[in-house]
Number of protein chains: 2
Amino acid sequence: MGVSAIVGVGNQSDLDEDDLLTFFEEDDETHVIAMHCEDLKDGRSFAEVASRVSKKKPVIVLKAGRTALGARVASSHTGALAGNDKIYDDVLRQCGVIRAPGLRDMLEYTRALQKLPTPKGENVVIITGAGGSGVLLSDAVVMNGLNLMRMPPDLDKAFRQFIPPFGAAGNPVDITGGEPPATYKNTIRLGLEDPRIHSLILGYWHTIITPPMVFARLVVEVVEEMKRKGIDKPIVASLAGDVQVEEAAEHLYDHGIPAYAYSTEIPVAVLGAKYRWARGAGLIK
Amino acid sequence: MGVSAIVGVGNQSDLDEDDLLTFFEEDDETHVIAMHCEDLKDGRSFAEVASRVSKKKPVIVLKAGRTALGARVASSHTGALAGNDKIYDDVLRQCGVIRAPGLRDMLEYTRALQKLPTPKGENVVIITGAGGSGVLLSDAVVMNGLNLMRMPPDLDKAFRQFIPPFGAAGNPVDITGGEPPATYKNTIRLGLEDPRIHSLILGYWHTIITPPMVFARLVVEVVEEMKRKGIDKPIVASLAGDVQVEEAAEHLYDHGIPAYAYSTEIPVAVLGAKYRWARGAGLIK
């Protein structure tokens with residue numbers, strides 16, 4: 001996943017988290033900092049350093065000992081005083097630190113955040129080949145604190161010229177399940193070209209008309225065409241289908257689009273993490 | 001993943017979810033029923049049928065339209081009235097139906113529940129080669145409504161004879177990170193043999209002394225030795241390390257032990273789902 005350094009802090013008799021954050025703040029090889037910890041011995045100092053560093057690069061924290069039981073186990077394991085989780089939650093948020101709910105999430109956020117460009121605004125649009133995915137993705141949008149753009153009538157009309165009349169209007173843009181590659185291409189291109197849209201969530205559902213690798217390649221093509229025009233927006237993708245979607249997701253990921261097989265939650269969660277970071281760092285007006 | 005049937009209900013002009021549940025209740029090829037739905041048109045009838053069927057086999061539901069936005073999108077997509085999510089949540093729980101929070105969870109629960117034997121009681125023990133995993137697994141135990149067994153002094157003493165003096169006492173059983181295969185074997189065997197323990201959660205952390213595949217093979221060996229003695233308890237495993245842990249997780253899964261690379265949450269979540277089902281079906285005293 002592109003790891004610049006791994007540090008185990010041990011008993012922190014000398015160096016602690018603050019020192020490491022300060023070091024990696026200046027390290028040009030490091031774009032995202034992920035931390036697993038059971039306590040923070042000097043909370044005030046950590047807050048000061050983390051607030052500064054998180055303005056420059058994302059700091060992701062997996063704080064173990066969230067529950068009273070977990071905290072007791074942490075204490076018998078390393079002597080950590082895991083403390084009141086609510087306080088950690090508030091402090092980390094105030095510092096602009098992104099808290100990961102679990103180990104896998106920490107790894108997914110870390111991998112995706114260095115791929116995603118910083119969004120220029122809050123307007124998120126879902127383009128989906130399956131209405132069912134559109135519903136699940138919409139749920140995930142709300143649960144991850146994202147804002148589904150209210151579709152302006154002219155833009156709605158522009159999308160509608162590409163999709164069948166029984167496709168659902170508005171946002172999600174439901175292109176329906178039987179569409180050829182051109183429909184995906186046209187709608188994704190429009191989503192990238194219109195400056196009112198700041199981020200895209202793609203929902204793909206396996207069809208014979210547009211198979212997984214065809215979908216993956218066309219997305220990469222449109223994205224690279226747009227990059228040549230200077231347009232670079234965060235895009236994530238959710239792919240459902242048979243095992244071919246795994247290869248398609250990998251192809252997308254390799255080309256800068258975090259994509260996940262069999263999940264409508266993870267793509268939206270990583271986009272949500274990117275937004276939380278960008279807001280905390282004052283990068284979104 | 002061993003799929004006996006896939007049914008799309010369409011607009012349900014004739015057959016609906018209740019009919020399908022009734023059909024698969026009697027189908028011997030079907031061990032677990034997973035459903036994705038946006039609404040339940042006849043809630044009373046569904047509750048009646050689901051309550052009966054879930055006593056025989058697990059029914060897992062991914063209910064889309066959890067949020068107000070998702071519900072609105074569902075309604076424009078299929079005309080579904082997704083309704084108040086709290087009510088769905090209560091009704092599904094009362095029916096003994098296991099609700100999956102997301103698509104990936106639904107798939108993981110479905111795959112794992114048919115592998116895991118039904119637990120005979122509530123006492124869960126964590127055996128871990130890494131204290132840090134023990135803390136994260138303990139958090140997950142609480143968040144998934146499981147009960148970490150209070151370790152009886154004689155059993156604690158029995159575990160301690162196998163682990164170094166600096167290993168943590170109690171539950172989690174922290175065997176520490178530098179141990180050879182024999183320590184894993186002895187502690188897991190004890191965990192399976194003692195009738196007061198009903199389920200095991202294994203935390204593996206990649207070491208050179210006990211590499212991933214060595215760990216996976218020894219677990220399978222002990223489990224099969226115990227099965228020959230008539231002992232069969234639910235076991236799940238969390239594996240952290242380099243890519244070798246993926247192969248090890250697959251080997252474990254192929255031998256009836258749901259195992260997950262890079263996650264301390266998913267193994268505990270699937271065990272939690274098995275417990276929720278077993279409690280609802282009245283199979284745990």
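When I speak of laying one copy on another, I mean a least-squares superposition on the C-alpha atoms of residues with pLDDT of at least 70 in both copies. With that in mind, and remembering that what we have here is a predicted model, let me start with the two chains. Chain B can be laid on chain A by a turn of 180° with a shift of 0.0 Å along the axis, and the RMSD of that fit is 0.0 Å. The two copies are therefore related as by a two-fold rotation axis. As for how they meet, 100% of the interface residues of chain B are also interface residues in chain A, so the copies come together through the same surface.

A word on confidence before going further. The predictor gives the complex an ipTM of 0.92 and a pTM of 0.95, while for chain A the mean pLDDT is 93, with 98% of its residues reaching 70 or more. I would still add the usual caution that predicted coordinates should not be read in detail where pLDDT is low.

Now to chain A as a whole. The chain holds eleven helices and nine strands, and its C-alpha atoms fill a box of roughly 65 × 35 × 30 Å along the principal axes. For 285 residues, a compact globule would have a radius of gyration near 19 Å, and the 21 Å of chain A agrees with that. Of those 285 residues, 57% are buried, and if we take the contacts in chain A with a separation of 6 or more, 73% of them join residues 24 or more positions apart. The accessible surface of the chain comes to about 12300 Å², and carbon and sulfur atoms account for 53% of it.

Let me finish with two loop residues, one on either side of helix H8. A:Gly177 sits in the loop between strand E6, residues 173-174, and H8, and what lies beyond the other end is A:Asp194, in the loop between H8, residues 181-193, and strand E7, residues 199-205.

Which of them is buried, and which partly exposed? A:Asp194 has a relative accessible area of 10%, and because the cut-off for buried is under 20%, A:Asp194 counts as buried; A:Gly177, at 35%, is partly exposed. Setting aside residues up to four places away in sequence, A:Asp194 touches A:Leu155 and A:Lys233, whereas A:Gly177, with the neighbours within four places likewise left out, is in contact with A:Gly129 and A:Thr207. Finally, A:Gly177 and A:Ser138 are 39 residues apart in sequence, and their C-alpha atoms are 18 Å apart in space.

Key:
Residues numbered from 1 in each chain as written. Chains lettered and ligands numbered in written order. Predicted model: local features only at pLDDT ≥ 70, side-chain atom pairs only at ≥ 80, totals over all residues. Heavy atoms only, no water. pLDDT = per-residue confidence, 0-100. Helix = DSSP H or I, 4+ residues; strand = E, 2+ residues; numbered from the N terminus. Buried < 20%, exposed > 50% of the residue type's maximum accessible area, 1.4 Å probe, protein only. Contact = heavy atoms within 4.5 Å. Rg over C-alpha atoms; globule rule 2.2 N^0.38 Å. Areas by Shrake-Rupley, 256 points an atom, 1.4 Å probe, with all protein chains shown as cover.
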